[in-house]
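Reader: I would like to practise reading a model with you, one feature at a time. Could you walk me through it?

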Amino acid sequence: MDLLQHLLPSQNDLSLNSCHLDEINGQLTVELSSSHFVAECPLCHCRSHRLHSHYDRTLKDMPLAQFTLVIRLVVGKFFCLNENCRRKIFSERLPSVTTPWARRTTRYTHKLKAIGLALGGAAAARLSHQLGYGCSRDSFLRLLAGLTLPEAPVPISAGSG
Ligand SMILES: [Zn+2]
């Protein structure tokens with residue numbers, strides 16, 4: 001269990017509850033929970049310790065050896081303590097692990113973007129299947145379409161005319 005804890009996306013934010021190795025389907029499922037007891041409201045940035053409930057997220061992570069790694073993550077929902085805030089209940093954010101609504105870990109998404117940028121949609125999909133990343137051509141194209149372009153340098157005129 002200790003070694004596995006070191007391979008997870010964030011050792012400081014997550015606690016390892018259990019793991020299950022499905023050798024037939026080549027999948028390792030780890031159940032993690034947030035190790036935080038306080039969370040910050042994403043709207044007003046007020047910190048809260050009043051827990052409302054928990055909810056589960058399922059995230060695909062980078063493959064581990066020959067196994068697909070699936071993370072079942074339990075995070076908290078907290079009451080916002082700021083009376084003037086429009087958000088009464090909010091979900092805990094774990095930016096070191098994933099972004100809101102994402103179905104992948106951030107580190108896995110970064111690897112896929114790097115593969116997609118280097119190879120493009122179809123070639124990236126072929127390589128990702130060989131590496132165990134298992135991402136389709138369409139998923140690569142969606143990932144690449146979501147990237148922001150770097151700012152282009154402003155051309156400098158040669159003469160004052
Ligand atoms: Zn708030």
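Reader: Let us begin with contacts: which residues does Leu 131 touch, leaving out those up to four places away in sequence?

Author: Happy to start there. In this predicted model, Leu 131 touches Pro 63 and Ile 115 once residues up to four places away in sequence are set aside. Leu 131 sits in helix α3, residues 121–131. With a relative accessibility of 45%, Leu 131 counts as partly exposed. You can also look at Ala 65: its C-alpha atom is 9.7 Å from that of Leu 131, although 66 residues separate the two along the chain.

Reader: Where is Ala 65 found, and is it buried or exposed?

Author: Ala 65 belongs to the loop between β5 (51–64) and β6. Its relative accessibility is 69%, so Ala 65 counts as exposed.

Reader: And how should I read backbone phi?

Author: Most residues other than glycine have a negative phi. Here Ala 65 has a positive phi near 55°. Trp 101 is another non-glycine residue with a positive phi, about 75°. Trp 101 lies in the loop between β7 and α2 (106–119) and is exposed, at 81% relative accessible area.

Reader: Pro 63 came up earlier. What share of the area that domain 1 buries against domain 2 do Lys 60, Met 62 and Pro 63 supply?

Author: Let us set the scene with the domains themselves. The domain assignment gives domain 1 as 2–98 and domain 2 as 105–148, and their C-alpha centres lie 24 Å apart. Contacts link 13 residues of domain 1 with nine residues of domain 2. Between them the domains bury about 880 Å², of which 53% is on carbon and sulfur atoms. Lys 60, Met 62 and Pro 63 supply 59% of the area that domain 1 buries against domain 2, more than any other three residues.

Reader: Now the strands. How do β1 and β2 pair, and over how many bridges?

Author: A general point helps when you follow side chains: in a regular strand they alternate between the two faces of the sheet. In this case, β1 (residues 14–22) and β2 pair in the antiparallel sense over eight bridges. As a register mark, Leu 14 stands opposite Ser 34 in β2. The two strands form a hairpin with four residues between them, and Gly 26 in the turn has a positive phi of about 65°. On β6 (residues 67–79), β2 has a parallel partner, joined by seven bridges; there Thr 29 stands opposite Val 70.

Reader: Why is β2 largely enclosed by the rest of the structure?

Author: Count its buried residues. Six of the eight residues of β2 (27–34) are buried, so the strand is largely enclosed by the rest of the structure.

Reader: Last feature: which atoms coordinate the zinc ion?

Author: The general yardstick for four tetrahedral donors is an ideal angle of 109.5 degrees. In this model the SG atoms of Cys 41, Cys 44, Cys 80 and Cys 85 coordinate the zinc ion at 2.3 to 2.4 Å. The four donor atoms subtend angles of 97 to 116°, which makes the arrangement tetrahedral. Along the chain, the donors follow the spacing C-x2-C-x35-C-x4-C. Cys 44 is in the loop between β3 (39–40) and β4 (47–48), and Cys 85 in the loop between β6 and β7 (89–91), so this pair ties together parts 41 residues apart in sequence.

Reader: Are Cys 44 and Cys 85 buried or exposed?

Author: Cys 44 is partly exposed, with 25% relative accessible area, whereas Cys 85 counts as buried at 5% relative accessibility.

Technical notes. Residues are numbered from 1 along each chain as its sequence is written. This is a predicted model: local features need pLDDT of at least 70, side-chain atom pairs count only at pLDDT 80 or more; totals for chains, interfaces and linings use all residues. Side-chain values use heavy atoms; hydrogens and water are left out. Buried means under 20% relative accessible area, exposed over 50%, partly exposed in between (1.4 Å probe, protein chains only). Two strands pair if DSSP finds at least two bridges between them. Donors are N, O and S atoms within 2.8 Å of the metal (3.2 Å for Na, K and Ca); water is not among the atoms, so sites may look incomplete. Four donors count as tetrahedral if all angles lie between 85 and 135 degrees; four count as square planar and six as octahedral if opposite donors are over 155 degrees apart and all others between 65 and 115; anything else is irregular. Domain bounds come from an automatic or database domain assignment. Contact means heavy atoms within 4.5 Å. Buried area is the accessible area (1.4 Å probe) that two parts lose on being put together, summed over both.
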